[in-house]
Amino acid sequence: MAQTDPVYITFEFRGDIDKEVNKVTLGIKGLRDEAATTYKKLIADSSAAYNAMSDRQLRGYFTWRAQVRRGTVEETSTSFAFLYLYELICGIGVDDPLDGFNKIKAFWDVYRAFEPGIDRFARVWLQDYAVFHGLDPKL
(Lines give C-alpha, C1' and ligand atoms only; values in the text may rest on other atoms or scores of the structure.)
Protein backbone atom coordinates (compact mmCIF):
# COMPACT_ATOMS: atom_id res chain seq x y z
CA MET A 1 0.00 0.00 0.00
CA ALA A 2 1.39 3.38 -0.95
CA GLN A 3 1.36 6.17 1.61
CA THR A 4 -1.33 7.97 -0.36
CA ASP A 5 -3.68 4.96 -0.60
CA PRO A 6 -6.77 5.19 1.61
CA VAL A 7 -7.13 2.87 4.57
CA TYR A 8 -10.56 1.35 5.14
CA ILE A 9 -11.53 0.17 8.62
CA THR A 10 -14.75 -1.63 9.42
CA PHE A 11 -15.97 -1.92 12.99
CA GLU A 12 -19.11 -2.13 15.06
CA PHE A 13 -19.67 0.70 17.49
CA ARG A 14 -22.14 1.45 20.23
CA GLY A 15 -22.02 4.92 21.79
CA ASP A 16 -21.29 8.49 20.78
CA ILE A 17 -19.63 8.02 17.39
CA ASP A 18 -18.74 11.70 16.93
CA LYS A 19 -16.89 11.75 20.25
CA GLU A 20 -14.96 8.57 19.42
CA VAL A 21 -14.08 9.73 15.90
CA ASN A 22 -12.67 12.92 17.42
CA LYS A 23 -10.51 10.86 19.81
CA VAL A 24 -9.17 8.73 16.95
CA THR A 25 -8.50 11.83 14.83
CA LEU A 26 -6.58 13.45 17.69
CA GLY A 27 -4.64 10.22 18.24
CA ILE A 28 -3.60 10.05 14.58
CA LYS A 29 -2.61 13.73 14.65
CA GLY A 30 -0.57 13.03 17.80
CA LEU A 31 1.29 10.20 16.07
CA ARG A 32 2.07 12.43 13.10
CA ASP A 33 3.23 15.23 15.41
CA GLU A 34 5.39 12.78 17.36
CA ALA A 35 6.95 11.42 14.17
CA ALA A 36 7.67 14.94 12.92
CA THR A 37 9.17 15.91 16.29
CA THR A 38 11.35 12.79 16.34
CA TYR A 39 12.54 13.45 12.78
CA LYS A 40 13.40 17.07 13.63
CA LYS A 41 15.31 15.89 16.72
CA LEU A 42 17.33 13.41 14.65
CA ILE A 43 18.19 16.15 12.16
CA ALA A 44 19.15 18.51 15.00
CA ASP A 45 21.23 15.77 16.68
CA SER A 46 23.01 15.07 13.40
CA SER A 47 23.70 18.76 12.83
CA ALA A 48 24.94 19.15 16.40
CA ALA A 49 27.20 16.14 15.95
CA TYR A 50 28.72 17.59 12.77
CA ASN A 51 29.19 20.99 14.42
CA ALA A 52 30.85 19.45 17.46
CA MET A 53 33.47 17.64 15.38
CA SER A 54 36.85 19.04 14.53
CA ASP A 55 37.97 19.11 10.90
CA ARG A 56 40.05 16.00 11.55
CA GLN A 57 37.06 14.17 13.05
CA LEU A 58 34.82 15.23 10.17
CA ARG A 59 37.34 13.95 7.64
CA GLY A 60 37.60 10.72 9.61
CA TYR A 61 33.82 10.30 9.73
CA PHE A 62 33.24 11.02 6.04
CA THR A 63 36.13 8.73 5.04
CA TRP A 64 34.71 5.93 7.21
CA ARG A 65 31.19 6.55 5.87
CA ALA A 66 32.42 6.42 2.27
CA GLN A 67 33.91 2.98 2.97
CA VAL A 68 30.67 1.82 4.58
CA ARG A 69 28.73 2.97 1.52
CA ARG A 70 31.12 0.88 -0.62
CA GLY A 71 30.38 -2.17 1.53
CA THR A 72 33.35 -2.16 3.92
CA VAL A 73 32.22 -1.77 7.52
CA GLU A 74 35.04 -1.41 10.01
CA GLU A 75 34.89 -0.74 13.72
CA THR A 76 34.94 2.93 14.67
CA SER A 77 33.60 5.06 17.49
CA THR A 78 30.06 4.24 18.49
CA SER A 79 29.23 7.90 17.88
CA PHE A 80 30.13 7.52 14.20
CA ALA A 81 27.99 4.38 13.95
CA PHE A 82 24.99 6.12 15.49
CA LEU A 83 25.45 9.20 13.33
CA TYR A 84 25.46 6.99 10.25
CA LEU A 85 22.23 5.32 11.40
CA TYR A 86 20.67 8.76 12.04
CA GLU A 87 21.56 9.76 8.50
CA LEU A 88 19.93 6.64 7.06
CA ILE A 89 16.81 7.12 9.18
CA CYS A 90 16.56 10.70 7.89
CA GLY A 91 16.94 9.55 4.29
CA ILE A 92 20.52 10.67 3.72
CA GLY A 93 22.18 8.32 1.26
CA VAL A 94 19.06 6.27 0.52
CA ASP A 95 17.10 6.03 -2.72
CA ASP A 96 13.73 5.19 -1.17
CA PRO A 97 12.32 3.82 2.12
CA LEU A 98 12.99 0.17 1.22
CA ASP A 99 16.58 1.02 0.33
CA GLY A 100 16.89 2.82 3.67
CA PHE A 101 15.48 -0.18 5.53
CA ASN A 102 17.90 -2.52 3.79
CA LYS A 103 20.89 -0.25 4.49
CA ILE A 104 19.98 0.13 8.18
CA LYS A 105 19.55 -3.65 8.50
CA ALA A 106 22.76 -4.48 6.62
CA PHE A 107 24.80 -2.03 8.69
CA TRP A 108 23.28 -3.28 11.94
CA ASP A 109 23.92 -6.93 11.00
CA VAL A 110 27.63 -6.21 10.54
CA TYR A 111 28.25 -3.56 13.20
CA ARG A 112 26.68 -5.51 16.06
CA ALA A 113 29.76 -7.76 16.02
CA PHE A 114 31.80 -4.71 17.07
CA GLU A 115 29.22 -3.19 19.41
CA PRO A 116 26.48 -5.60 20.61
CA GLY A 117 24.83 -2.73 22.51
CA ILE A 118 23.65 -1.33 19.19
CA ASP A 119 20.97 -4.05 19.12
CA ARG A 120 18.98 -2.25 21.79
CA PHE A 121 18.52 0.78 19.56
CA ALA A 122 18.73 -0.51 16.00
CA ARG A 123 16.01 -3.13 16.49
CA VAL A 124 13.47 -0.52 17.60
CA TRP A 125 14.58 2.07 15.04
CA LEU A 126 14.27 -0.47 12.23
CA GLN A 127 10.75 -1.45 13.31
CA ASP A 128 9.72 2.20 13.66
CA TYR A 129 11.24 3.00 10.27
CA ALA A 130 9.25 0.22 8.60
CA VAL A 131 5.99 1.31 10.22
CA PHE A 132 6.56 5.01 9.53
CA HIS A 133 7.24 4.34 5.86
CA GLY A 134 4.46 1.78 5.45
CA LEU A 135 6.84 -0.99 4.48
CA ASP A 136 5.78 -4.64 4.40
CA PRO A 137 5.41 -5.88 8.01
CA LYS A 138 7.10 -9.15 7.01
CA LEU A 139 10.41 -7.32 6.65
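**Figure 1. The protein chain runs through the pattern α-α-α-α-α when read along its sequence.** This is a predicted model, and its protein chain holds 5 helices and 0 strands. Of the 139 residues in the protein chain, 26% are buried. Take the contacts between residues at least 6 apart in sequence: 56% of them join residues at least 24 apart. The views that follow visit some of these helices and the places where they meet.

**Figure 2. Here helix α2 (residues 55-69) meets helix α3 (residues 78-89).** The axes of α2 and α3 come within 11 Å of each other and cross at roughly 60°. What is the handedness of this crossing of α2 and α3, left-handed or right-handed? The crossing is right-handed. On the α2 side, the contact is made by Gln57, Gly60, Tyr61, Trp64, Arg65, Val68 and Arg69. From α3 come Phe80, Ala81, Leu83, Tyr84 and Glu87. Sorted by class, the residues of this contact of α2 with α3 are 7 nonpolar, 2 polar and 3 charged.

**Figure 3. This view shows Ala49, a residue of helix α1 (residues 17-52).** Ala49 counts as partly exposed, because its relative accessibility is 26%. Follow the sequence from Ala49 to Leu83 and you pass along a separation of 34 residues. In space, their C-alpha atoms are 7.6 Å apart. Leu83 also appeared in the previous view, among the α3 residues in contact with α2.

**Figure 4. Aromatic rings are the theme here, and Tyr61, Phe62, Trp64, Phe80, Tyr84, Phe107, Tyr111 and Phe114 form one cluster.** A pair of aromatic rings is described by the distance of the centres and the angle of the planes. Searching the whole structure turns up 13 aromatic pairs. One of them joins Tyr61 and Trp64, whose ring centres are 6.0 Å apart with 40° between the planes, a tilted pair. Tyr61 and Trp64 are 3 residues apart in helix α2, so about one helical turn separates them. Are these two residues buried or exposed? Tyr61 is buried, at 0% relative accessibility, and Trp64 is buried too, with a relative accessible area of 6%. Turn next to Tyr111 and Phe114, whose ring centres are 5.3 Å apart with the planes at 65°, so this pair is edge-to-face. Tyr111 is buried, with a relative accessible area of 1%, whereas Phe114 is partly exposed at 31%.

**Figure 5. Helix α4 (residues 97-111) and helix α5 (residues 119-132) cross at roughly 165°.** Their axes come within 10 Å. Because of this angle, α4 is roughly antiparallel to α5. The crossing of α4 and α5 is left-handed. Pro97, Gly100, Phe101, Ile104, Lys105 and Trp108 make the contact from α4. Their partners in α5 are Asp119, Ala122, Arg123, Leu126, Tyr129 and Ala130. How many nonpolar, polar and charged residues does the contact of α4 with α5 have? There are 8 nonpolar, 1 polar and 3 charged residues.

**Figure 6. Between α4 and α5 lies a loop, and Ile118 is found in it.** With a relative accessible area of 0%, Ile118 is buried. Which residues is Ile118 in contact with, once its neighbours within four places in sequence are left aside? They are Ala81, Phe82, Leu85, Phe107, Trp108, Tyr111 and Arg112. One of these partners, Phe82, is 36 residues from Ile118 in sequence. From C-alpha to C-alpha, Ile118 and Phe82 are 8.4 Å apart in space. Two other names on the list are familiar from the aromatic cluster, which includes Phe107 and Tyr111.

**Figure 7. The closing view shows α3 packing with α5 at an angle of about 5°.** The axes of α3 and α5 are 11 Å apart. Given that angle, α3 is roughly parallel to α5. Phe82, Leu85, Tyr86, Leu88 and Ile89 in α3 meet Phe121, Trp125 and Tyr129 in α5. By class, the contact of α3 with α5 has 8 nonpolar residues, no polar and no charged. Tyr129 takes part in the contact of α5 with α4 as well, while Phe82 and Leu85 are among the residues in contact with Ile118.

Technical notes. Residues are numbered from 1 along each chain as its sequence is written. This is a predicted model: local features need pLDDT of at least 70, side-chain atom pairs count only at pLDDT 80 or more; totals for chains, interfaces and linings use all residues. Side-chain values use heavy atoms; hydrogens and water are left out. Axes are lines fitted to C-alpha atoms, for helices over the stretch in contact, and angles run from 0 to 180 degrees between N-to-C directions. Helices (H or I, at least four residues) and strands (E, at least two) are DSSP runs, numbered from the N terminus. Angles under 35 degrees count as roughly parallel, over 145 as roughly antiparallel, 65 to 115 as roughly perpendicular and the rest as oblique. A crossing is left-handed if the near helix is turned anticlockwise from the far one by less than a right angle, and right-handed if clockwise. Contact means heavy atoms within 4.5 Å. Ala, Val, Leu, Ile, Met, Phe, Trp, Tyr, Cys and Pro count as nonpolar, Asp, Glu, Lys and Arg as charged, and the others, Gly among them, as polar. Rings of Phe, Tyr and Trp (its six-membered ring) pair if their centres lie within 6.5 Å; planes under 30 degrees apart count as stacked, over 60 as edge-to-face and the rest as tilted. Buried means under 20% relative accessible area, exposed over 50%, partly exposed in between (1.4 Å probe, protein chains only).
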